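Got a minute to look at a protein together? Let's go through some questions and answers about its charged side chains and backbone.

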Amino acid sequence: QIHDPFLKRVLVEATKDVWKRIRSAGCAVGFKDLGAGGFGGASSELVLAGGFGAEIRLDDLPAAESDPNPAHILVGETQERFVWAVPERIAAEIVSIYNEAFDLPGIYPGACARIVGRVTEERRYRCTWKGSVAVDLPAAILEESPVYERPVRARAVATSDRSPLR
């Protein structure tokens, strides 16, 4: 959560190298900045945009706290974090680019790349935490915005004898 311009610069350069590797492999991938939606928002949007589902191990995500709540991991706002959906055949190599070639763990405490799940054919978004299912949703729930119909009525306007609008 601490903004670090040097870390951001290293991430940008590492990500450029990852894109070069992906282009040379000639494979389709997904990539998103976590931003304010956190890991849950970015990862679900990513796999669903591709027409897939996901199985994610939340315990494998780097966390600042020693025993975080899985909901906080999913929706917490982050800085300088990305999520990738890549073919399994190049996943370890991409992690290596970030962690070894650019030494993220040596640059900043807790900074690293990890494989935390997999894309699935089944259009469900599943997350586990310590071996238990924390989230299991069909894609349709994530693709459609909920609509809440509220009663609409005019708001009462307070008037005052001193009001210049009288």
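What follows is a short chat about this predicted model.

Reader: How many salt bridges does a search of the whole structure find?
Author: Let's start with the general idea: side chains of opposite charge can pair when their charged atoms come close. To count here, a side-chain nitrogen of Lys or Arg has to be within 4 Å of a carboxyl oxygen of Asp or Glu. Searching the whole structure that way, the total is twelve.

Reader: Which side chain meets Glu93 in a salt bridge?
Author: Look for an N to O distance of 2.7 Å at Glu93. That fits the cut-off, because a salt bridge needs the nitrogen and oxygen within 4 Å. The partner is Arg21.

Reader: And how many residues apart in sequence are the parts that this pair ties together?
Author: Glu93 sits in helix H4, residues 88-101, while Arg21 belongs to helix H1, residues 5-25. So the Glu93 and Arg21 pair ties together parts whose separation in sequence is 72 residues.

Reader: Is Glu93 buried, partly exposed or exposed?
Author: Buried would mean under 20% relative accessible area, and exposed would mean over 50%. Glu93 comes out at 35%, and its partner Arg21 at 23%. Because 35% falls between the two cut-offs, Glu93 counts as partly exposed.

Reader: Which strand holds the residue that pairs with Asp136?
Author: The side chain of Asp136 meets Arg124 in a salt bridge, at 2.7 Å from N to O. Asp136 lies in strand S6 (residues 132-138), so the pair ties together parts that are twelve residues apart in sequence. Arg124 is found in residues 124-129, which is strand S5.

Reader: Which residues are linked with Glu122 in a network of salt bridges?
Author: One link is easy to spot: Glu122 pairs with Arg126, their closest N and O atoms being 3.0 Å apart. Asp136 and Arg124 form a salt bridge too. Put together, the network joins Glu122 with Glu55, Arg118, Arg124, Arg126 and Asp136.

Reader: Where is Asp103, the residue with a positive phi of about 45°?
Author: Asp103 has that positive phi although it is not a glycine. Its relative accessibility is 37%, so Asp103 counts as partly exposed. As for its place, Asp103 is in the loop between H4 and helix H5.

Reader: Is Lys130 buried or exposed?
Author: Lys130 is in the loop between S5 and S6, and its phi is positive as well, near 55°. Its relative accessibility is 52%. Because the cut-off for this class is over 50%, Lys130 counts as exposed.

Conventions:
Residues numbered from 1 in each chain as written. Predicted model: local features only at pLDDT ≥ 70, side-chain atom pairs only at ≥ 80, totals over all residues. Heavy atoms only, no water. Helix = DSSP H or I, 4+ residues; strand = E, 2+ residues; numbered from the N terminus. Buried < 20%, exposed > 50% of the residue type's maximum accessible area, 1.4 Å probe, protein only.
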